[in-house]
Amino acid sequence: MRKKIVAGNWKMNKTLREAMDFAVSFQERSDELPGDVEVIIAPPSLYLASMEMIKEPAYRLASQNCSHHSYGAFTGEISAAMLADMNVGYSLVGHSERRTYFHETDELLAKKLDACFLHGVVPVFCCGEHLAEREAKRHFVTVLHQLEHALFHLSPSQMSRVIIAYEPVWAIGTGVTASTEQAQEMHAFIRSSIAGHFGRETADAVRILYGGSVNASNSAELFGCDDVDGGLVGGASLKVGDFITIVQSASRG
Ligand code: 13P
């Protein structure tokens, strides 16, 4: 059975003090966390080192982005090699804000995935369609294109370790979530597309998270869908209480 994951993407939010207050408070309340859910937090990169110093943290850390290069003259970039060296085990790859504001293409993201695997960082690959694409009934074509161009060059064993986050762009930060039917339909489509290329065993191992206006009131219903293996949470991951409620809602227990 696939272990559920709840990941928080803080985006460009919180001061260092606020980040550490969250980390300490989350740790103090860790007995409220279910044992059958993996928790990942992606703070701004500047805070990774401090958050890594919490003793036996109840969360694992992710970067919100990484370079496709391992080192060198790339001002402002952070590499997967550096993340691995700092015990940061995960990196978001291809979040829609990176695609939109920083013009990241699936071809570039394919190289970022390779860099992650080269250095032992687990990629959380984000995909999802814009509203106009859904309205034109092109959402499956769009997501399949993203999967094919960024992921289908991987080996089956690498693919089985990728975490996919389906985040319809129209649901991000809007307060509008996909319905459970829309989420389940797309997650099942993603899984069957992976099965078609890599085989059923690989597809069954891949965790597919839903993201887009997940909150403490709607998470249980979304995470209850067969092919939804947890969530990637933006705004609602910034408050300890809400985030803990969302993690609890992913538990089967
Ligand atoms: P919100 O949960 O704020 O809609 O953000 C979703 C997201 O982009 C997570 O990566």
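This report describes the ligand site and two cysteines of the structure above.

The model is predicted.

**The ligand site**

The ligand sits in the second largest pocket. Twelve positions surround the ligand in the list that follows: N9, K11, H95, E167, A171, I172, G173, G212, S213, L232, G234 and G235. By residue class, this shell holds 3 nonpolar, 7 polar and 2 charged residues.

Among the residues around the ligand are E167, S213 and G235, and each of these has a contact with an oxygen atom of the ligand, as set out below.

| Residue | Atom in the residue | Distance to a ligand oxygen atom |
|---|---|---|
| E167 | polar side-chain atom | 3.0 Å |
| S213 | backbone N or O atom | 2.8 Å |
| G235 | polar backbone atom | 2.9 Å |

In E167 the contact comes from the side chain. In S213 it is a backbone N or O atom that lies 2.8 Å from the ligand oxygen, and in G235 the polar atom also belongs to the backbone. Taken alone, the ligand exposes 310 Å², and the protein buries 95% of that area.

**The cysteines**

How many disulfides does a search of the whole structure find? The search finds 0. The pair C66 and C116 shows why no bond is counted there: the closest cysteine sulfur to that of C66 is in C116, 3.7 Å away, which is too far for a bond. A disulfide needs the two sulfur atoms within 2.5 Å. Looking from the other side, C116 is in no disulfide, and its nearest cysteine sulfur is that of C66.

Are these two cysteines buried or exposed? C66 is buried, with a relative accessible area of 1%. C116 is buried as well, and its relative accessible area is 0%.

Note on methods. Residues numbered from 1 in each chain as written. Predicted model: local features only at pLDDT ≥ 70, side-chain atom pairs only at ≥ 80, totals over all residues. Heavy atoms only, no water. Near = heavy atom within 4 Å. Polar contact = N/O pair within 3.5 Å; in protein donor to acceptor, adjacent residues only side chain to side chain. Areas by Shrake-Rupley, 256 points an atom, 1.4 Å probe, with all protein chains shown as cover. 1 Å grid on protein atoms, 1.4 Å probe; cavity = no way out; pocket = protein on both sides within 12 Å on 5 of 7 lines; lining within 4 Å. Sits in = over half its atoms within 2 Å of the grid points. Nonpolar A, V, L, I, M, F, W, Y, C, P; charged D, E, K, R; others polar. Buried < 20%, exposed > 50% of the residue type's maximum accessible area, 1.4 Å probe, protein only.
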